Amino acid sequence: MRNYDLEFLKRFSMVLGFLTIVTLGLMVGAWYLHNSLPTDVPPNVAKRTEARIAPVGAVYAGATGAASQAAATAAAAAAAAAQVAYGGTTDGSVIYQNLCAGCHTSGAGGAPTLDHQHWDARIAQGTETLYRHSIEGFTGAAGVMPARGGNPALNDEQMHAAVDWMVDNLK
C-alpha cells in the first residue's frame with residue numbers, strides 16, 4: 001500500500017469512529033428522553049377524550065331494546081320535569097313574585113305595571129296574544145318582554161297562570 005492509501009484509510013477510520021460515537025450519543029440521549037416522559041395519560045385528559053368519542057345515540061332492537069328505549073324516555077321526562085321552574089307550580093302569584101315582579105312592579109324596560117292604564121289596550125288584543133307574547137317574547141315601541149320572562153325553565157302552563165294572575169290583579 002502506498003502512503004496516500006494509508007492516509008485515506010486513517011482519516012476514513014477516524015470519520016467512521018466519530019460517526020459511531022455520535023450515533024451512540026444520540027441513542028443514549030433518546031433513551032434518556034424516552035424514560036423521562038410520563039407514561040400515563042392524566043385522568044382529566046382521559047375523561048375529555050372519552051366524552052369526545054362517546055356515542056351520540058344508542059340502537060334499540062327487539063323486545064329488550066323497546067324496554068330500554070321506554071326506560072330512557074321515562075328518565076329523560078323525569079329529568080326534564082325536575083328542571084321545571086318553581087317546582088312546576090301553576091300558582092300565578094308565586095311565579096309573579098319570584099320572576100315577573102322585578103320588571104312589572106317598577107316598569108323596568110318599559111314593562112307595564114299592574115294598572116288598567118297600561119293593560120287595557122293589551123287585554124283588548126285577547127288573552128291568546130298575551131300568552132303568546134309572554135311565551136315567545138315581544139319587542140314593542142314601549143319596551144321589551146323577554147321570552148318566558150327570561151326564565152326558559154317555565155312551561156306554557158306556568159306562563160298562562162302568571163299572565164292570568166296579573167290580569168286578575170290589575171288595580
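Trp 165 counts as partly exposed in this predicted model, because its relative accessibility is 22%, and buried means under 20%. Its ring partner is Tyr 96. At 5% relative accessibility, Tyr 96 counts as buried. The two ring centres lie 4.8 Å apart. The planes meet at 35°, so the pair is tilted. Tyr 96 belongs to helix 4 and Trp 165 to helix 7. The pair therefore ties together parts that are 69 residues apart in sequence.

Tyr 96 also leads into the core. The largest nonpolar core has 16 residues. Those that touch the most other members are Ile 95, Tyr 96, Cys 100, Leu 114, Trp 119, Leu 154 and Met 166. Three elements give two or more residues to this core: helix 4 (92–104), helix 6 (127–136) and helix 7 (156–168). In soluble globular proteins, nonpolar side chains tend to be buried together.

Take Trp 119 next. Setting aside neighbours within four places in sequence, Trp 119 is in contact with His 104, Pro 112, Thr 113 and Leu 114, including also Leu 130, Met 166, Val 167 and Leu 170. Of these contacts, Leu 114 and Met 166 appear again in the list of core residues above.

Leu 130 points to helix 6. The buried residues of helix 6 are Thr 129, Leu 130, Tyr 131, His 133, Ser 134 and Ile 135. What covers them includes helix 5 (116–124) and helix 7. Strand 1 (138–139) and strand 2 (144–145) are also among the cover. Just after helix 6, Gly 137 takes a positive phi of about 90°.

Now turn to the other end of the story, helix 1. Leu 9 sits in this helix, which spans residues 3–36. Leu 9 is partly exposed, because its relative accessible area is 37%. Leu 9 is one of the residues in a nonpolar surface patch. The other members are Leu 6, Phe 8, Phe 12, Val 15, Leu 16, Phe 18, Leu 19, Val 22 and Leu 26. Together the patch residues have about 950 Å² of accessible area.

Two aromatic pairs turn up in a search of the whole structure. Phe 8 and Phe 12 have ring centres 5.7 Å apart and planes at 15°, so this pair is stacked. Both residues lie in helix 1, four residues apart, about one turn of the helix. Phe 8 is exposed, with a relative accessible area of 54%. Phe 12 counts as partly exposed, at 41% relative accessibility. The tilted pair is that of Tyr 96 and Trp 165.

Terms used
Residues numbered from 1 in each chain as written. Predicted model: local features only at pLDDT ≥ 70, side-chain atom pairs only at ≥ 80, totals over all residues. Heavy atoms only, no water. Core = buried A, V, L, I, M, F, W, Y, C linked by side-chain atoms within 4.5 Å. Buried < 20%, exposed > 50% of the residue type's maximum accessible area, 1.4 Å probe, protein only. Contact = heavy atoms within 4.5 Å. Patch = residues over 30% accessible without salt bridge, like charges linked within 9 Å, V, L, I, M, F, W, Y side chains within 5 Å. Areas by Shrake-Rupley, 256 points an atom, 1.4 Å probe, with all protein chains shown as cover. Salt bridge = Lys/Arg side-chain N within 4 Å of Asp/Glu carboxyl O. Phe/Tyr/Trp six-rings, centres within 6.5 Å; stacked < 30°, edge-to-face > 60°.
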